[in-house]
Amino acid sequence: MGRVKVFRDLIGIIKDKASQSKAALISNPRTLSLHLALLRATTHDPFSPPDPTHLATLLSFGHCSRATASTAVDAIMDRLQTTRDAAVAIKCLITVHHIIKRGSFILQDQLSVYPSTGGRNYLKLSNFRDDTTPLTWELSSWVRWYALYLENLLSTSRILGFFLCSTSSSVDKDTEEDKVSSLINTELLKEINSLGNLIEQIAKKPDSLNSNGNVLVDAVLGLVGEDYLSSINEVSIRVSEFKERLDCLGFVDSVELVCVLRSLEECKERLTALSQRKKVMIESVWGSINEVKDQIGNSKAYKEDEGRWLMMGRRNKVSESARFGERVVMKHSGNSVKFSSGRFLSFNDFSFPAYASME
């Protein structure tokens, strides 16, 4: 078994060297450094994460022209789709995750609309399999889960109007609370539903047997753990907002909110070990989720019709085949006038007609 491992590692090293030599010979001189950085960041070694230096080089292309950023994203996605090696695939996905978290706006923008003309979803890796060794077979399950998670992360970011977990689009808490309080109920439900889908996907992470303690898996869990803290914080803001609106929520909206909160609670146990940071804050959020859910569930109107309406289920659930043909853009209202929480909520669906300005 040891000889097989050594032989496979040797083949991986040879492949990496051959790929880099090929890139040096046939790549456009203007993009040579890009391709070499990508190949060096996504080697076949299953026991080493992407080198931070090479990741930084890749991210630096986001500070060039939009065409250069597009070329960088194209190269990453092409490597992700053509490889059959689990280690290479995970490293490509880690690179994509770093773009979401630390990339420039131009690089993130290219990622959010990729492919720019629609068509194939390059994060759909549900059929990925690498059965070379027991380790790569298990890493394949991480590839499939991680790709779907990043797909959900991009979808949630598009709904929220900013890149969730991104250091370049961090929002002041007071500003975010003000924005959330101005949303009408249907928009607020859409946001918390999407956040719930994302957290559910986090909870579905594979179990580790052969890959337990593997540095690639640990790197993925580290990045996702940071996302979890950001996501649970966004959930907290929206749960607090719904708490202010309970008396004004319609029955259908109440049912959908309870469904979202129940689904979140079902994930709690699997998420406990994901992050050891901010435990007090996290427990406070779970307490708020349970409190709001119980307040709605104990209301007389809800109890009377719960059985009839719960079959509706949750709307707009993100599927694996979801496409990302739209950019992640900041939200802005049209002609609708939205009122803050707890005040004039009955008017939230009222729109004033647009009149031509008078001079």
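This passage describes an aromatic cluster, a histidine beside it in contact, and one helix of a predicted model.

A search of the whole structure finds three aromatic pairs. In one of them, Trp-142 and Trp-145 meet edge-to-face, with 5.6 Å from centre to centre and 85° between the planes. These two tryptophans lie three residues apart in helix 7 (residues 134–160), so about one helical turn separates them. An α-helix has 3.6 residues a turn, and residues three or four places apart therefore point the same way. Both Trp-142 and Trp-145 are buried. Trp-145 also forms a stacked pair with Tyr-146, for which the centre-to-centre distance is 6.2 Å and the angle between the planes is 20°, and Tyr-146, like Trp-145, is buried. Through ring pairs, Trp-142, Trp-145, Tyr-146 and Tyr-149 are linked into a cluster.

Tyr-146 is also joined to His-97 by a polar contact of 2.6 Å between their side chains. His-97 is found in helix 5, which comprises residues 86–102, and His-97 counts as buried because its relative accessibility is 0%, where buried means under 20%. When its neighbours within four places in sequence are left aside, the residues in contact with His-97 are Tyr-146, Tyr-149, Leu-150, Leu-153, Leu-223, Val-224 and Asp-227.

Helix 12 (residues 279–297) has 19 residues and reaches 27 Å from its first C-alpha to its last, close to the 27 Å expected at 1.5 Å a residue. Its buried residues are Ile-282, Val-285, Trp-286, Ile-289, Val-292, Lys-293 and Ile-296. Because these residues cover an arc of only 125° around the axis, they are placed on the same side of helix 12.

Key:
Residues are numbered from 1 along each chain as its sequence is written. This is a predicted model: local features need pLDDT of at least 70, side-chain atom pairs count only at pLDDT 80 or more; totals for chains, interfaces and linings use all residues. Side-chain values use heavy atoms; hydrogens and water are left out. Helices (H or I, at least four residues) and strands (E, at least two) are DSSP runs, numbered from the N terminus. Buried means under 20% relative accessible area, exposed over 50%, partly exposed in between (1.4 Å probe, protein chains only). A polar contact is a pair of N or O atoms within 3.5 Å; within protein, one must be able to donate a hydrogen and the other to accept it, and residues adjacent in sequence count only if both atoms are side-chain atoms. Contact means heavy atoms within 4.5 Å. The expected span of a helix is 1.5 Å times one less than its number of residues. The arc is that of the directions from the helix axis to the C-beta atoms. Rings of Phe, Tyr and Trp (its six-membered ring) pair if their centres lie within 6.5 Å; planes under 30 degrees apart count as stacked, over 60 as edge-to-face and the rest as tilted.
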